[in-house]
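Take a walk through this chain, one stop at a time. We begin at a loop and end with the overall picture.

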Amino acid sequence: MTGDLEVRLRGPGAYGLARKAIEQMERYGVWPTALNFEIWMHFVADPEGALAREVARLLTSGEAFTDRVTDELAALYLPKARLNEQIRDAGDQLSRELTSVSQAIRAAQKSSEAYGETLATASESLGGQADVAELRQTVETLAVATRRIQRENKSLEKRLAESSSEVTKLREHLEQVRRDATTDGLTNLANRKAFDEELDRACSEADSKGEVLTLAVIDIDHFKNFNDTWGHQTGDQVIRYVASVIGRVGAPPRFAARYGGEEFAMIFPQETADAATAMLEEIREEVASRMLKRRSTNEDLGTITVSAGLAERRPGEAAHAIMERADAALYASKRGGRNRVTKADSVANAA
C-alpha cells in the first residue's frame with residue numbers, strides 16, 4: 001500500500017485524505033505531529049491494511065495514542081522507520097563484532113609479548129654455562145610456550161574467520177536494505193529518490209568524461225480515467241505492466257525508475273536523443289499492441305498507450321534543467337494527441 005499511498009498523495013484526492021486524517025486525529029484526541037499524521041494517513045487511505053487494522057484495534061480497546069504507541073506503530077508498519085531500525089540493528093551488531101575482534105587481538109598481543117619474554121629468558125639461559133638439566137628445563141619451557149602460542153593463534157584465526165563471515169553477512173544485509181530503500185514497491189523499478197541520485201551522478205560523470213547523456217520521461221495516457229473506471233487495483237496492474245516493458249529496455253547501463261504515479265523516467269548514458277528515441281518508440285509500440293485483461297474477472301480492458309518526451313543533455317547542464325526540458329517535450333506529446341514520442345529540440349525549434 002505504501003507505493004500506492006505515495007501516488008495518491010500526489011493526486012487530486014490527496015487533500016480530501018489529509019482532511020479526513022486530521023478529522024480522525026481530532027476526534028480521537030491525537031496530536032497532529034508529523035509521525036501521527038503519517039500513521040493516520042495510512043489509516044484513512046488503506047482501511048484494510050495491517051497498520052489500519054492495528055490502529056482500529058487500539059481504538060476499540062480504548063488505548064491512548066501516546067508517543068510510545070506511535071513510535072511502536074511506526075517501527076512495525078512504516079517503511080522509513082523499519083529501515084532506520086534495520087540500520088541501527090546492523091550498526092549495533094557490527095559494533096559488537098568489532099569489539100569482540102578487538103579484544104581477541106589484544107589478548108593475542110599479550111600472548112605474543114609473553115612468548116617474546118620467554119624466548120628472551122631462554123636465550124639468556126642458553127648463553128650461560130647451564131648444565132644438562134637446566135638446558136632440558138629451558139627447552140621444555142620453550143616447547144610449552146610454543147604450543148600455547150600456537151593454540152592461541154589458531155583460536156584467533158578461527159575468531160577472525162568467523163568475524164569476517166559475520167561482517168560479510170552484515171554487508172549483504174545492508175545492501176539489501178539499501179536496495180529496498182531505493183526500489184519502488186509496486187513496480188520493482190528504482191524509486192524517485194534513487195532516480196534523483198542517479199541523475200546527479202550520471203550528469204557529473206558525463207561532464208567528467210565529455211560524454212553525451214539523454215533523459216526521457218514517460219507517462220501513461222488517460223490513466224486517471226482508466227483508474228476511475230476500473231479501480232486502483234486494476235490501475236496498479238496497468239502500472240506494473242508498463243513498468244515491465246520499460247524495465248526490459250531500461251536494463252543497465254540504462255536506468256529506469258518510477259518517477260511518481262503513472263510517470264516513469266529513464267536515463268540513457270552515452271546515447272544520443274536519436275538512439276533513445278528508437279528505444280522509446282519500441283516501448284510505445286509494445287505497450288499499445290497488447291490487449292489488456294482484468295486478472296480478477298478476465299474482462300477486456302482494451303489497450304493503453306504511453307506518451308514520452310526526451311532531452312539530450314547539453315554540456316554542463318544541471319539535472320533539474322534537463323528534467324524540465326524532458327517534461328516540456330512530454331507535455332508536447334500530450335498536446336499533440338498522445339501515444340507519441342517528442343524530442344525537446346523539436347519543441348524548441350517549433351517555438
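His 222 sits in the loop between strand E1 (213–220) and helix H9 (223–230). The model is a predicted one. In it, the phi of His 222 is near 55°, a positive value in a residue other than glycine. Is His 222 buried or exposed? Neither label fits: its relative accessibility is 46%, so His 222 counts as partly exposed. That class lies between the 20% limit for buried and the 50% limit for exposed.

Move on along the chain to the next loop of interest. Helix H10 (232–249) and strand E2 (255–260) are linked by a loop that holds Pro 253. The peptide bond joining Pro 252 and Pro 253 is cis. Its omega is about 10°.

Now to helix H12, which covers residues 319–335. H12 has 17 residues. From first C-alpha to last, H12 reaches 24 Å, close to the 24 Å expected at 1.5 Å a residue. Which residues of H12 are buried? They are Ala 319, Ile 322, Met 323, Arg 325, Ala 326, Asp 327, Ala 329, Leu 330, Ala 332, Ser 333 and Lys 334. The buried set thus includes Arg 325, Asp 327 and Lys 334.

Look at what follows the helix. Gly 337, just after H12, takes a positive phi of about 120°. Arg 338 also has a positive phi, about 70°, although it is not a glycine. Arg 338 lies in the loop between H12 and strand E7 (341–343). Its relative accessibility is 30%, so Arg 338 counts as partly exposed.

Turn back towards the N terminus for a helix pair. Two packed helices are described by the angle between their axes and the distance between the axes. For helix H2 (residues 14–27) and helix H3 (residues 34–45), the axes come within 9 Å and cross at roughly 110°. H2 is therefore roughly perpendicular to H3. On the H2 side, the contact uses Leu 17, Ala 18, Lys 20, Ala 21, Ile 22, Gln 24 and Met 25. H3 meets them with Asn 36, Phe 37, Trp 40, Met 41, Phe 43, Val 44 and Ala 45. By type, the residues of this contact are 11 nonpolar, 2 polar and 1 charged.

Finally, step back to the whole chain. It contains 13 helices and 7 strands. Of its 351 residues, 38% count as buried. Among contacts with a separation of 6 or more, 62% are between residues 24 or more positions apart. The accessible surface comes to about 20,200 Å², and 51% of that belongs to carbon and sulfur atoms.

Key: Residues are numbered from 1 along each chain as its sequence is written. This is a predicted model: local features need pLDDT of at least 70, side-chain atom pairs count only at pLDDT 80 or more; totals for chains, interfaces and linings use all residues. Side-chain values use heavy atoms; hydrogens and water are left out. Helices (H or I, at least four residues) and strands (E, at least two) are DSSP runs, numbered from the N terminus. Buried means under 20% relative accessible area, exposed over 50%, partly exposed in between (1.4 Å probe, protein chains only). Contact means heavy atoms within 4.5 Å. Accessible areas come from the Shrake-Rupley method with a 1.4 Å probe; for residues, only the protein chains shown count as cover. Axes are lines fitted to C-alpha atoms, for helices over the stretch in contact, and angles run from 0 to 180 degrees between N-to-C directions. Angles under 35 degrees count as roughly parallel, over 145 as roughly antiparallel, 65 to 115 as roughly perpendicular and the rest as oblique. Ala, Val, Leu, Ile, Met, Phe, Trp, Tyr, Cys and Pro count as nonpolar, Asp, Glu, Lys and Arg as charged, and the others, Gly among them, as polar. The expected span of a helix is 1.5 Å times one less than its number of residues.
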